[in-house]
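Me: Please take a close look at one part of this model for me, the place where its helices pack against each other. I'd enjoy one connected walk through it, with the cut-offs spelled out as you go.

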Amino acid sequence: MHYKNFKTAVYIPAWIARHMTPEKLEYGYEFIEKYIGLDKVYIETHRDDIDIEKERILMMKNYLEERGVTVAGGITFTVDDFEGAEAGKRRIFNTFCYTDPAMRDKVKALSEYAAGIFDEVILDDYYFTNCCCDRCIKEKGDRDWVTFRRELMTDVSKNLVVGPSKAVNPNIKMIVKYPNWRESFHFTGYLPDAEKDIFDETYIGTETRNPRYTDQHLPEYLSYSLVRYIENAWPGRNGGGWFDTFQCWSADRYLEQAYLTAFAKAKELMHFQWSNLVDNHFVGGMKIQLEKIDKMMNGVGDPTGVPVYIPYASSGENHLEMRLGMLGIPIEATPDFPADKDMMILTESASADPDLINKLRKYVQAGGDAVITSGLLRKLGDEIRDAGLTEATVTDRKLNVTRYHITGDEAGYIDDVNPILFPEITHGNNDSWSLLNGGDGDYHTPLLLLSIYGKGRIYILNIPDNYADIYRIPRAAADVFKRILRTETYASGKDFSMFTYDDGSFILYRYVKDNVRPAHVKLYTKEDVSSLKDEVYDEKIPVAPYYVWEEFELKKYMVADIILEPGVISKFKWEYQ
């Protein structure tokens, strides 16, 4: 291994493998080894209409293994004009039709072929079905598409992929790689809750590319949060995170994907793909940066954060938790209801749990604090009110907020700011209480509302209609809900993320974007600390007391002021007397 805390891996797709010669392989290896450091290579045996002959695969495998590189296999289940398929049958992205007998035979044969060469095989993220052909419609019957595809892909995974592979090679490790579009898994037959009992290991796509111009609305924080989500789904069996150079129009944007994947403690950093890396100037700084990160991660504990409950097969307010992560709030996404935690966030996605209200009521009554979004309140408002958790309602009206009021603070007004459109929330005055208001003219609506239930609290977080407007909320206003949504530390500022760990250390990273410059960030803790240690430069940063009204009380924090530069990774830890 080139690094102590993660391995580096590179994927060779079939369209590159079919033209690979010993000379090309040597040139590519020397470049990647020099600028990344190469621990592992996955060689693809099939994609589209390309099947790689065994002799060529063994040539690459032997060359790499002689140089100490671990070699595994890969399969992409896509197909072009397949001779055995029904005439005219087409699918988006040319994925397989898993009800077609000829295609099912092909899936089984491809699995057996790869298992006969490798002891480890990964399925690239086209292992899904979107086929709506006449045969699929007939076999679906009265089931909805989600149920049909779930049952179909369970059968395929057991009986056409994993079962036949292990019959050929009992020692094989079969890996299913999930794409970066988690909110849509269930629509196309991806089922991590069922497949964790079929496959040996999983992998996750962490490619975010250029979020402003990609089709899939992928905030940069996804490169971190999806690793954490899949690790919580398959504890100890997440093989790594997978990113690429596509639509990365700066080296920083490419490198940031690797940073966040490493911060999430992925076991492997998969660079897709071989030919896109060779002679690519973006790659030049990768090894330098990975060496820095590797040193930072030595001795770091497990990642922590505010739990966000995102059940399997759910969607709604998609990627919202990632945007909170971009605001400097550490997030820990999980598919399991975090009943053992002191605080949780519930977005609209949580409504996919049919027992959510009962779980939430018990959790809050026992003393837990739950932050629910306006999207979830809109979706399940009647049930939430019937349970007595809050009387608040999301109406059909909107308010263009140009003024903020931090309640309880006589000077807590922020006026004449650019408008942000929020849904209106109505509530029973004094039955619940707004901690932050947003207004325009002489009217306002709650942006953070507090209700009490049993020993715990329900907070309602109002989300702008345009999720990207979260970043435009004024700093002092955003600090109100940062003081609620915090771990040990909260950080005032924006355009950065904070990654926290259970040993007390935390990493801060300010994203490289247009018009983002070095900025002051204030770090706050209620702990009785004596200083803040910069663990990169081994320096102590002084702290000072700070008092703020928080939920009707004057609270004391200790605060340190730091400067974050775009693209520069910082690591800190509080020091105690």
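Reply: Happy to! Helix 9 and helix 11 cross in a right-handed way, that is, the near helix is turned clockwise from the far one by less than a right angle, whereas an anticlockwise turn would be left-handed. Before going on: this is a predicted model, in which local features need pLDDT of at least 70 and side-chain atom pairs count only at pLDDT 80 or more, while totals for chains, interfaces and linings use all residues. Residues are numbered from 1 along each chain as its sequence is written, and side-chain values use heavy atoms, leaving out hydrogens and water. Helices (H or I, at least four residues) and strands (E, at least two) are DSSP runs numbered from the N terminus.

Helix 9 spans residues 251–263 and helix 11 spans residues 286–297; their axes come within 11 Å and cross at roughly 20°. Here the axes are lines fitted to C-alpha atoms over the stretch in contact, with angles from 0 to 180 degrees between N-to-C directions. The two helices are therefore roughly parallel, a label for angles under 35 degrees (over 145 is roughly antiparallel, 65 to 115 roughly perpendicular, the rest oblique). On the helix 9 side, the contact (heavy atoms within 4.5 Å) is made by Tyr254, Leu255, Ala258, Tyr259, Ala262 and Phe263, and on the helix 11 side by Met286, Gln289, Ile293 and Met297. By class, this contact has nine nonpolar residues, one polar and no charged. In that scheme Ala, Val, Leu, Ile, Met, Phe, Trp, Tyr, Cys and Pro are nonpolar, Asp, Glu, Lys and Arg are charged, and the others, Gly among them, are polar.

A strand residue ties into this pair. His271 sits in strand 9 (residues 268–272), and its partners beyond four places in sequence include Tyr254 and Met286, which both take part in the contact of helix 9 with helix 11. Other partners of His271 are Thr8, Ala9, Val10, Tyr11, Ile36, Phe243 and Leu277. Ile36 lies 235 residues away from His271 in sequence, yet the C-alpha atoms are 9.4 Å apart. With a relative accessibility of 0%, His271 counts as buried (under 20% relative accessible area; exposed is over 50%, partly exposed in between, with a 1.4 Å probe and protein chains only).

Two other helix pairs are worth setting beside this one. Helix 2 (residues 22–35) packs on helix 3 (residues 54–66) at about 35°, with the axes 11 Å apart, and the crossing is right-handed. Pro22, Leu25, Glu26 and Tyr29 of helix 2 meet Met59, Met60, Tyr63 and Leu64 of helix 3, which divide into seven nonpolar, no polar and one charged.

Helix 4 and helix 6 (residues 145–168) also pack at about 35°, with axes 8 Å apart, again in a right-handed crossing. Helix 4 brings Arg104, Val107, Lys108, Ser111, Glu112 and Ala115, and helix 6 offers Leu152, Asp155, Val156, Leu160, Val161, Pro164, Ser165 and Val168. That contact holds eight nonpolar, two polar and four charged residues.

Just ahead of helix 4, the loop that follows strand 4 (70–75) and leads to helix 4 (101–115) carries Phe93. Phe93 is exposed, at 54% relative accessibility, and touches Thr78, Tyr126 and Phe128, leaving aside residues up to four places away in sequence.
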